[in-house]
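Q: Pick one part of this model and take a close look at it with me. I'd like to hear what sits there, what it touches and how the pieces around it are put together.

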Amino acid sequence: MIADKVFARLDGEDVSKKVIQEYVDVVEDRLCVRLGVDTLPLRFESICADAVVKMHRRYYYEGISSENDGGISTSFVDDILAEYNNEISAWKSKGNGVRFI
């Protein structure tokens, strides 16, 4: 289960199961749209978990594209899944959808 992977990565952090599950649902839906599938392939569960952790950690900073405070700089990408475009493209180019024999 993807949520279990997320909770393992956020070990020790105070997180709501309901909120994390909502993040999982959102990221899973977005990945499925990009992959052109109805169900998230097993190989993408780790990517989904990574993206959910990023989504959770940037929650209070939503909308910030750049910030500088005393030499510490913070910036967020607009698209959490952009980091995984290579994996998505590789999967799609291999035709990992439904195969008829």
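A: Let's start with Glu-45, which belongs to helix H3. Keep in mind that this is a predicted model. Is Glu-45 buried or exposed? With a relative accessible area of 18%, Glu-45 is buried, as the cut-off is under 20%. Its contacts, once you skip neighbours within four places in sequence, are Ile-2, Lys-5 and Leu-40.

One of those partners, Ile-2, leads us into H1, where Ile-2 is among the residues that meet H2. We'll come back to that contact. First, stay with H3 and move along to His-56, which lies in that helix too. His-56 has a relative accessibility of 17%, so it counts as buried. Leaving out residues up to four places away in sequence, His-56 touches Leu-10, Glu-13, Val-15, Ile-20 and Tyr-23.

Two of the names in that list, Ile-20 and Tyr-23, belong to the H2 side of the contact between H2 and H3, and His-56 itself is on the H3 side. So how do H2 and H3 pack? Their axes are 9 Å apart, and the angle between them is about 125°. That angle makes H2 oblique to H3. As for handedness, the crossing of H2 and H3 is right-handed. On the H2 side, the contact is made by Ile-20, Tyr-23, Val-24, Val-26, Val-27, Glu-28, Arg-30 and Leu-31, while H3 supplies Ile-47, Cys-48, Ala-51, Val-52, Met-55 and His-56. Sorted by class, the residues where H2 meets H3 come to 11 nonpolar, 1 polar and 2 charged.

His-56 has another partner worth a stop, namely Leu-10. Leu-10 sits in the loop between helix H1 (2-9) and H2. Which residues does Leu-10 touch, not counting those up to four places away in sequence? They are Val-15, Ile-20, Val-53, His-56 and Arg-57. Leu-10 has 2% relative accessibility, so it counts as buried. Take its partner Val-53: Leu-10 and Val-53 are 43 residues apart along the chain, but their C-alpha atoms are separated by 7.3 Å.

Now back to H1 and its contact with H2. The two axes come within 10 Å of each other, and they cross at roughly 120°. H1 and H2 are therefore oblique to each other, and their crossing is right-handed. From H1 you get Ile-2, Ala-3, Val-6 and Phe-7, which meet Lys-17, Ile-20, Gln-21, Val-24 and Glu-28 of H2. By class, this contact of H1 with H2 has 6 nonpolar, 1 polar and 2 charged residues. Look at Ile-20, Val-24 and Glu-28 here: they are part of the contact with H1, and they are listed on the H2 side of the contact with H3 as well.

Gln-21 deserves its own glance, since it is one of the H2 residues that meet H1. With a relative accessible area of 28%, Gln-21 is partly exposed. Beyond its neighbours within four places in sequence, Gln-21 is in contact with Met-1 and Ala-3. Gln-21 and Asp-4 are 17 residues apart in sequence, and C-alpha to C-alpha they are 9.7 Å apart.

Before stepping back, check the rings by the start of H3. With ring centres required to lie within 6.5 Å, the count comes to 1 aromatic pair. The centres of the Phe-44 and Trp-91 rings are 5.9 Å apart and the planes stand at 90°, so the pair is edge-to-face. Phe-44 is in the loop between helix H2 (17-35) and helix H3 (45-57), and Trp-91 is in helix H4 (residues 85-93), so the pair links distant parts of the chain, 47 residues apart. Phe-44 and Trp-91 are each buried.

And the wider setting? The protein chain has 4 helices and 2 strands, running α-α-α-β-β-α from the N terminus on. Of its 101 residues, 30% are buried. Among contacts in the chain with a separation of 6 or more, 62% are between residues 24 or more positions apart.

Key. Residues numbered from 1 in each chain as written. Predicted model: local features only at pLDDT ≥ 70, side-chain atom pairs only at ≥ 80, totals over all residues. Heavy atoms only, no water. Phe/Tyr/Trp six-rings, centres within 6.5 Å; stacked < 30°, edge-to-face > 60°. Buried < 20%, exposed > 50% of the residue type's maximum accessible area, 1.4 Å probe, protein only. Contact = heavy atoms within 4.5 Å. Axes fitted to C-alpha atoms, helices over the stretch in contact; angles between N-to-C directions. Parallel < 35°, antiparallel > 145°, perpendicular 65-115°, else oblique. Left-handed = near helix turned anticlockwise from the far one by under 90°. Nonpolar A, V, L, I, M, F, W, Y, C, P; charged D, E, K, R; others polar.
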